[in-house]
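Welcome! Take a look at the structure below, then work through the exercises one by one.

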Amino acid sequence: MNELPDPRGPTYRLPSPPPPDPTGWHALRRRARSTLWPPRAPAWAALLAIAVAAAGLRGLWFQATLPGRLPAATDWQAVAGLLSRDARPGDAVALAPPWAERGRAALPDRIPSRPDAPLPVLALPSYAAQAEDLAGIRRVWLVALPRAPGGPGRAAEELAARASTVDGPIRIGRIELTRYDLREPSLPAWSLSGRLGDAVVTGGSATREVREVAGLPRTCAVLRPDGAAPIVLRLPPARLGSVLRVHAGPVGDGTGAGPFVVRLLVDGVEVGRLPGGAPAWSPARIDAARLSPGEHAVSVEATVAGPAPVPTCVELEALP
Amino acid sequence: MTARRYLPLAWAATVLLAAAVTSPGVGISRDEAVYVEAGASYARFWREAARDPSRALALADRYYAPNHEHPGLAKGLFGLSRTILHDATGILGEVQASRVVAWLLAAFLAALLALWGCELAGPLGGAIAPALFLAVPGNAWHAHVAALDLPVTALVLGTTYAWWRSTSASRGWLSTAGWAMAAGLLFGAALSTKHNAWLLPPVLLGAWVLGSFRGRQESHGPAAEGAIGTVRGHRFPWAIVAMAVIGPAVLVATWPWIWHHTIPRLQGWLAFHLHHENHPWMYLGRMLREPPFPVAYPLVVTSLTVPAAIGVAMIGGVAQSVSRIVSAWRGRAPGVSVPTEWLLLLSAILPIALVAWPTVPRFGGAKHWMPALPFLALLGARALVTVGRVLWPARPGAVTGALAALALAPAAWQVAHVHPFGTAAWNELAGGAAGAASLGMQRQFWGDATVAVLPALNEHATPDARVWFQETPPLAVRQYQREGRLRGDLVPAAGPEDADLSIWQYHQEFRDREFRTWTELRTVRPVAGAYLDEVPLVQVYARPGAWR
């Protein structure tokens with residue numbers, strides 16, 4: 001069927017005007033699109049050549065600059081010398097990033113002027129107050145590798161957030177050293193692992209050890225019950241301070257760990273309970289200020305379930 | 001023609017020489033220690049079989065009991081090499097003598113890549129393809145050790161090449177039947193080396209079936225004589241018949257362990273690998289223990305271990321292969337061999353895709369999909385050659401050569417830099433070993449890095465010190481001692497409790513061992529260590545008085 005011609009003549013439509021393009025962005029986009037699609041061999045070949053060349057040059061730059069981003073042996077020696085001179089009891093060293101554990105070999109593990117005072121070297125993923133108590137530490141020396149691939153992480157910010165004074169950083173070769181004086185240092189009056197020698201243990205054995213809990217080193221009393229019955233540690237009476245802080249977790253990476261329950265008893269009365277089982281350093285805080293002043297007998301009771309119970313790492317600290 | 005003849009030989013000679021020169025620096029890995037001992041036992045069987053076949057047959061179980069999780073060929077060859085070069089002639093130490101087979105197979109792999117590269121992309125392709133494979137630090141490291149991953153990779157490549165030639169119009173040195181037989185024999189050898197080879201028939205058949213779909217590309221008529229990879233026609237892959245017959249025959253013939261109780265032992269072998277335990281493994285800050293595992297794992301690990309420029313060339317090669325298939329389907333590329341493209345593409349992708357399956361165990365770094373790498377290298381080499389031809393047709397070699405140099409220079413630098421710590425190598429995208437440690441990737445595996453602290457141990461350990469070697473098994477300790485690399489008076493200890501010295505090899509999954517060492521040895525300060533880019537790989541702890 002043929003349509004009759006329009007007596008007014010044919011209708012013409014003008015093309016819509018191009019969108020305003022003052023910056024030239026649309027024109028650039030059109031040109032890029034027409035270059036890339038439909039794909040033409042030279043365009044793709046050039047793209048691949050540019051990508052290979054860029055990646056190759058980046059690789060060469062990385063290999064060439066890598067030694068200059070990492071500390072030399074003399075840098076470590078200089079830091080060790082400075083720490084030997086300036087560290088004092090209650091200090092600790094924090095390594096950032098945490099894999100920089102050459103620091104354990106290069107830095108002093110004791111304060112030279114006070115050989116009885118250890119200088120702990122920490123390599124923790126976080127120094128935030130919620131993550132780490134930093135028990136017994138007043139000042140932290142942060143040994144950071146600022147230009148190392150991957151960077152030093154958030155240690156500086158986390159320590160600064162809980163510090164009253166920040167001294168540094170000073171640059172020693174490719175290492176940065178900063179001292180953080182903790183605003184509210186956590187200084188326990190006593191700890192379970194420290195008083196383990198005085199404890200009476202029934203239903204198993206308990207030893208003071210450094211063990212892995214959830215990937216990190218924890219100094220604690222490692223409890224190994226004889227069977228399904230609870231293992232009980234009875235400490236001689238002592239002052240409790242204002243807060244009792246408990247941590248517990250299965251030793252190792254959590255493989256095979258069953259559920260456990262740690263009960264804290266003061267004068268035979270349960271004041272706190274910490275159920276767990278996951279590979280974590282589970283915390284609990286017990287308000288001891290509500291107890292009568294004076295000395296109290298503290299007991300720790302742990303029950304570990306499972307056919308082959310994993311030892312449990314328990315630490316109890318009395319905070320003044 | 002000259003390049004096709006001499007490039008493979010030149011590559012083989014170079015690889016053999018380089019491996020022989022640099023191998024003594026590479027430590028004995030956990031698996032290697034087992035394979036070397038197993039190989040010695042297997043060699044004793046064959047010596048016995050030559051003297052008294054019936055007695056040997058009766059004792060086959062005893063000789064082949066060590067490490068019957070893997071078939072006998074490669075380990076048997078390690079043993080044969082050790083018998084000749086160590087036991088009989090004393091030319092090399094027992095471990096180095098066993099490793100010669102791995103060096104030879106690495107040389108074979110390089111030669112084959114050069115040959116195939118020549119055939120796909122001309123002499124430049126043949127020159128570049130082996131370099132793209134061997135400049136990956138993990139691959140270079142595997143070219144040294146008497147383990148099974150590089151041997152099976154070489155034999156998978158060999159089988160695939162023979163298959164390709166058997167389905168091609170150009171027969172080369174052999175007839176179609178000859179190439180098919182070669183494919184069968186090489187498949188048998190691969191099967192008798194490691195179970196990865198079971199993946200080959202599906203890949204090869206899949207490529208053949210997919211290759212039959214040509215879209216608008218002419219598909220009628222016989223294959224043109226002289227063309228490799230059959231542009232026209234689609235030959236039946238007789239190699240599959242040879243593989244089905246010869247492959248299992250070689251497996252049985254070279255593995256006397258399955259001469260008795262054949263079916264149950266074969267079932268046990270398959271069951272072991274189908275239900276392989278999941279070793280813990282660090283991946284982006286997570287400890288992978290149980291499935292389902294991240295699907296992206298092999299892609300992420302590949303992209304962080306293959307030097308970036310080489311990885312880009314390989315990705316370009318994969319894209320080029322896909323585009324050639326699509327162009328052929330559209331009838332725009334009459335000269336493209338679709339079956340060849342599928343063969344290269346599937347061989348490059350499927351080993352990685354298989355490991356991506358969420359229930360496949362994740363451990364051993366990139367070695368479990370190493371058979372994909374030669375094909376990625378071939379595709380990458382062809383892509384670089386194509387770029388040269390397209391961008392500067394008058395001087396294609398200049399462009400390709402410059403790009404290859406840019407891709408290979410940082411990689412070669414890294415290979416030299418990380419030597420001998422190949423299992424701890426991470427590329428510049430990861431930030432090297434340091435960046436990978438920050439990312440929370442597996443730091444190393446197989447316990448070979450201990451070799452770096454042996455000189456310090458020899459110099460400073462007190463006489464008769466008891467040493468807890470941890471990831472370095474007692475077999476490897478005895479091998480080090482027999483080769484004179486470790487003092488003979490040092491005694492392996494079972495744990496930190498009865499150790500004077502502790503060799504902590506950083507593994508997050510065994511972190512408690514280091515902390516137990518601190519407790520038992522009453523120190524947190526290492527006395528020696530091996531570091532890669534400041535990242536500790538091995539640290540030695542000593543009980544007070546045990547380190548002079």
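How many residues of chain A are in contact with how many residues of chain B?

Before we solve this, a word on the model. It is predicted, so local features need pLDDT of at least 70 and side-chain atom pairs count only at pLDDT 80 or more, while totals for chains, interfaces and linings use all residues. Residues are numbered from 1 along each chain as its sequence is written, and chains are lettered from A and ligands numbered from 1 in the order in which they are written.

**Exercise 1. Describe the side of chain A that touches chain B.**

Step 1: two residues are in contact if their C-beta atoms, placed from the backbone, lie within 7 Å. On this basis, 42 residues of chain A meet 48 residues of chain B.

Step 2: find the main supplier. Helix α2(A) brings the largest share, 18 residues. Helices here are DSSP runs of H or I with at least four residues, strands are runs of E with at least two, and both are numbered from the N terminus.

Step 3: sort by class. The side of chain A has 26 nonpolar, seven polar and nine charged residues. Nonpolar means Ala, Val, Leu, Ile, Met, Phe, Trp, Tyr, Cys and Pro; charged means Asp, Glu, Lys and Arg; the others, Gly among them, are polar.

**Exercise 2. Work out the overall form of chain A.**

Step 1: chain A has five helices and 18 strands.

Step 2: its radius of gyration, taken over C-alpha atoms, is 32 Å, well over the 20 Å that the globule rule gives for 320 residues, so chain A is more spread out than a compact globule. That rule is 2.2 Å times the number of residues to the power 0.38.

Step 3: along the principal axes, the C-alpha atoms of chain A fill a box of roughly 110 × 65 × 40 Å.

**Exercise 3. Trace how β2(A) and β3(A) fit together.**

Step 1: strand β2 (residues 110–111) of chain A and β3(A) pair in the antiparallel sense over two bridges; pairing takes at least two DSSP bridges.

Step 2: a hairpin through two residues joins β2(A) to β3(A), and A:R110 stands opposite A:P118.

Step 3: is β3(A) well covered or hardly covered? Strand β3(A) (residues 114–118) is hardly covered, with zero buried residues among its five. Buried means 20 or more other C-beta atoms within 10 Å of a residue's own, exposed means 12 or fewer, and partly exposed lies in between, with C-beta atoms placed from the backbone.
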